[in-house]
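Open the model in a viewer with the cartoon and the sequence panel both visible. The stops below each give a selection to make and then what is found there.

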Amino acid sequence: MAEPVFIVHLPAGVRGAGAETASRLLVSGADAFALPPPGATLKKTADHIAKALYGKIAVAFDLPPKLLHALAQRDVYLWDASEIARILFAEADEFTAGGIAEHLGFPWPSDAPLDTARSVFAAFDAALETLPLAALETICSMLRPLGGTLTDYFEMAARKLVASGRSGRSGGVGEYRMLFTGRDARYSSPPGDETAARFLEDDVIRDFFAASGPLAAALDRYEDRPGQVEMATLAASALKNGRTLLVEAGTGVGKSLAYLLPAVAYSLFSGSRVVVATNTRTLQNQLLRKDVPVLSSALGLPFRAAMLKGRRNYLCIRKFFRFLLHGPVDLADSDRLALAALIPWALSSAAGDVSENTAFLSRVSPEALLNVTGAHEDCTGRQCRWHRACFLRRARAAAHGANLVIVNYALLMAAVSEEGELLPPFDDLILDEAHNVEDAATSAFSVVVARWRLRRFIRNVAGGAYGGLISAFRSLLQSDPVGAEAAAVASRLLDEAESHVSVAEQSVQQFFAAAADILARSGSDRIRHDAASRNPELFAPLAAAARALVAAVAGIAQPLRQAVELVEPLAGRFRRLLSDDDPSAPPDEKTGWTETLRELSGHLDMAAELIHDVDFVVSAREKDCVFWLEASGEHVELWATPVDVSGMLYETLYMKKRSVIFTSATLSVSGGFDFFLRRSGAAYAEDAEAKIVPSPFDYRSQSRLLVPAFLPDPGAPEFSAAFARMLDGAVRASDGRAMVLYTSHKMLAEVSAIVRPSLEASGFEVLQQEVDGPRDAILGRFRRNLRSVLFGTASFWEGVDVKGESLSLLILAKLPFPVHTDPLVAARQEEEE
């Protein structure tokens, strides 16, 4: 095939490309043609390109969506490089030309963007040549219902692989799944090195962070910071002596490396693990992929670090293959594209952490995500045929053998009562972003009843893509009998459970309708209540609906439990143990007794939890909790949240650890730690030491703070329009390089709708969270394009690092403080008073 025509769109303001004030289109070599002048209408541009590309194949990089659509309408045969990269390099941070090039190690922007585009396309071919034919066939089968040029591209690649003779075995999904059978998880202990003890000494720490020290040699443009040395010595002392430490480290101190050095040194010296917990997965990734490699290079001592997340973050191999084989034929187009991105990635990923797969997460629906990731209720554990290859098991094995285990608060809090299963044993804990520890614990210890929880239970047991567990149980009774009498009794029990399914579905509707009616009658989207003070007449219908819902869920669960208890001991005589399965068994083999019974047991535990939670949030009798109903989009949720988690945190976490280090840029109030000590539970530790390490930055001379007093109140209807006018002028004054942070998606959307057209018309690139891509993708584009403005919400308020002039203007639409009408905030204020 002749070389295709390459078309590259360069946005205005891209670094290294002349930082033009207007966007440009570049077209490759001998096929180049004169483009319409800047400012030409979309129709004229599309007509011109379509005429020039007639009969040719083109590869497009970063063409605006409207132009791509217009070219498709004119039957231009075009491969979108972004779409190809989303499947072949799904773990890239972003899928613009710059993001793909940087992921592959090519400079971008370059002096010759078209040459870089050729190199990127050649990398696509190279990746396809190393991809097993079975994997490529599986991609094609997923994309085939979509049709179009993307499907053509992979179909052509499959034919080319066959013709080359380097393709591996054919066989689609059946052969593809065989590529996973050789993997295994190996458990070990953390490595030790007694000589690492010297890095816990003050003078050695000072030398390590010195301007001429090992860390300086490992980093470009290194600056030594006295605060970093001070914090590192404090952390080393706390670890050596087994004490509690609070360190407020201002922005720019370098707190991550300040605690990582003593943590690793202490682990190597003592042979025990140190767990570092963060509030966000963003900081988790930054620690493992940025800070740990730097420390490893500078330290000169071998150590292991591992990142561990909750079960739902990992691809479940068993569920993944089941979905590929038996997923719904009417799968949404976005889910097909998302699942196609999993297929080559799953073969090469060491961790199986789906947050690595940017392409998958940016497109997958919540339902499809749950169908391919781990969940406690449907995990079959050691009985799973993929137990040895399990990504979660491998992640836990890596954590078991690591000196440093990096987790997020959600997993840490979940592990409080199940430490032996979710986390390996550890005695020393570092809490980064510790100002969030109370909120994280509150979330973990809260109970929320939402429609999706109940619907998921009913769907998994009685319906869904695979017919449900009742259907699987019935099929096994027919195909693998456990004796005629037992099978007959079990069938009757299944019939009884199935008879309650429609009742349960109706009860779910009535329960949430009753909750919505309370909100409607109260004239609010949120109402606080408790058994002692609420209006009995107002809540009576909800209490009755809750009793009916509990009875309906129990009506499904009780006969299922009886059936499981009847069949389980009998099935053991007949079933073939999965550990002895023939690995070449056909891929559509029905799930066996072991897996079905294990999944049912997990869902019966889910039913018991649902019954408890519905009763708990409706009865509202627990005096240490605050209860409320809240409208969430089109649905209603019922919440129960502990008002004070300090005692629980101390008793279940801190007091069981040898040392605990809290650190953040914001722990103190007016120079004191009393509030944080009391709310976090750290006050119960008698040996707690607290220290403020100031920022090295001189904010008064290095920054300017402006407070626009002329704006209306953020709650006023006219605020968005007034804010948009101010924003437009500010962005133009700074020539882009601006980040605007909001506290709500609604306000972000309103302001963007007003200001975006005028900014884009003036050559600024507007990057809106979720609209123009996920967080990391738009951050990458923002860093590269000086004439850009980024609109973000919650996930941009922490853990964002944009160096240099790319971020010169930060605008906060509203300070992110909780409102006093929030039920939990109100309850805590009452407690303080």
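Select helix H12 (residues 255-270), which lies across S5, strand S6 (274-278), strand S8 (404-408), S9 and S14. H12 runs at about 155° to S6. Lying across here rests on contact, meaning heavy atoms within 4.5 Å. Axes are lines fitted to C-alpha atoms, for helices over the stretch in contact, and angles run from 0 to 180 degrees between N-to-C directions. Helices (H or I, at least four residues) and strands (E, at least two) are DSSP runs, numbered from the N terminus.

This is a predicted model, in which local features need pLDDT of at least 70, side-chain atom pairs count only at pLDDT 80 or more, and totals for chains, interfaces and linings use all residues. Residues are numbered from 1 along each chain as its sequence is written, and side-chain values use heavy atoms, with hydrogens and water left out.

Add helix H13 (residues 281-299) to the selection. H13 lies across S6, S7 and S8, and its direction is at about 155° to that of S8.

**The seven-stranded sheet**

Now show the strands under these helices. They belong to an open sheet of seven strands, in the order S7-S8-S6-S9-S14-S5-S15, with parallel pairing. At its edges stand strand S7 (305-307) and strand S15 (689-693); each has a single partner strand, so one side of each is left without a neighbour in the sheet. From one strand to the next the twist averages 15°. Two strands pair if DSSP finds at least two bridges between them.

Select S15 together with strand S5 (residues 244-249). Five bridges join S5 to S15, and the two run parallel. Leu 246 stands opposite Ala 690 in S15.

Move to the other neighbour of S5, which is S14. Again there are five bridges, and S5 and S14 run parallel. Val 247 has Thr 663 in S14 as its bridge partner. On its other side, S14 pairs with strand S9 (residues 428-431) in the parallel sense over four bridges, and there Asp 428 stands opposite Ser 659 in S14.

Is strand S14 (residues 659-664) largely enclosed or open? Six of its six residues are buried, so S14 is largely enclosed by the rest of the structure. Buried means under 20% relative accessible area, exposed over 50%, and partly exposed in between (1.4 Å probe, protein chains only). In a regular strand the side chains alternate between the two faces of the sheet. Colour Ser 659, Ile 661 and Thr 663 for one side of S14 and Val 660, Phe 662 and Ser 664 for the other: all are buried.

**The four-stranded sheet**

Next, select the open sheet of four strands with the order S10-S13-S12-S11, where the pairing is antiparallel. Strand S10 (447-449) and strand S11 (526-529) are at the edges with a single partner strand each, so one side of each has no neighbour in the sheet. The twist here averages 20° from one strand to the next. Within this sheet, strand S12 (residues 625-632) and strand S13 (residues 635-642) pair in the antiparallel sense over eight bridges. Show Trp 628, which stands opposite Trp 639 in S13. Then add helix H27 (residues 593-619): H27 packs on the sheet, touching S10, S11, S12 and S13, and its direction makes about 100° with that of S10.

**A helix pair**

Select helix H3 (residues 81-88) and helix H7 (residues 148-164), whose axes come within 10 Å and cross at roughly 50°. That makes H3 oblique to H7; angles under 35 degrees count as roughly parallel, over 145 as roughly antiparallel, 65 to 115 as roughly perpendicular and the rest as oblique. Show the side chains of Glu 83, Ile 84, Ile 87 and Leu 88 of H3 and Leu 150, Tyr 153 and Phe 154 of H7, which make the contact.

**Leu 727 and strand S18**

Select Leu 727, found in helix H31 (residues 719-733). Leu 727 counts as buried, at 0% relative accessibility. Beyond its neighbours within four places in sequence, Leu 727 is in contact with Val 740, Tyr 742, Val 751, Val 755, Phe 791 and Ile 811.

Finish at Phe 791, which lies in S18 and is the bridge partner of Val 740. Gln 768 also stands opposite Phe 791. Five of the five residues of strand S18 (residues 788-792) are buried.
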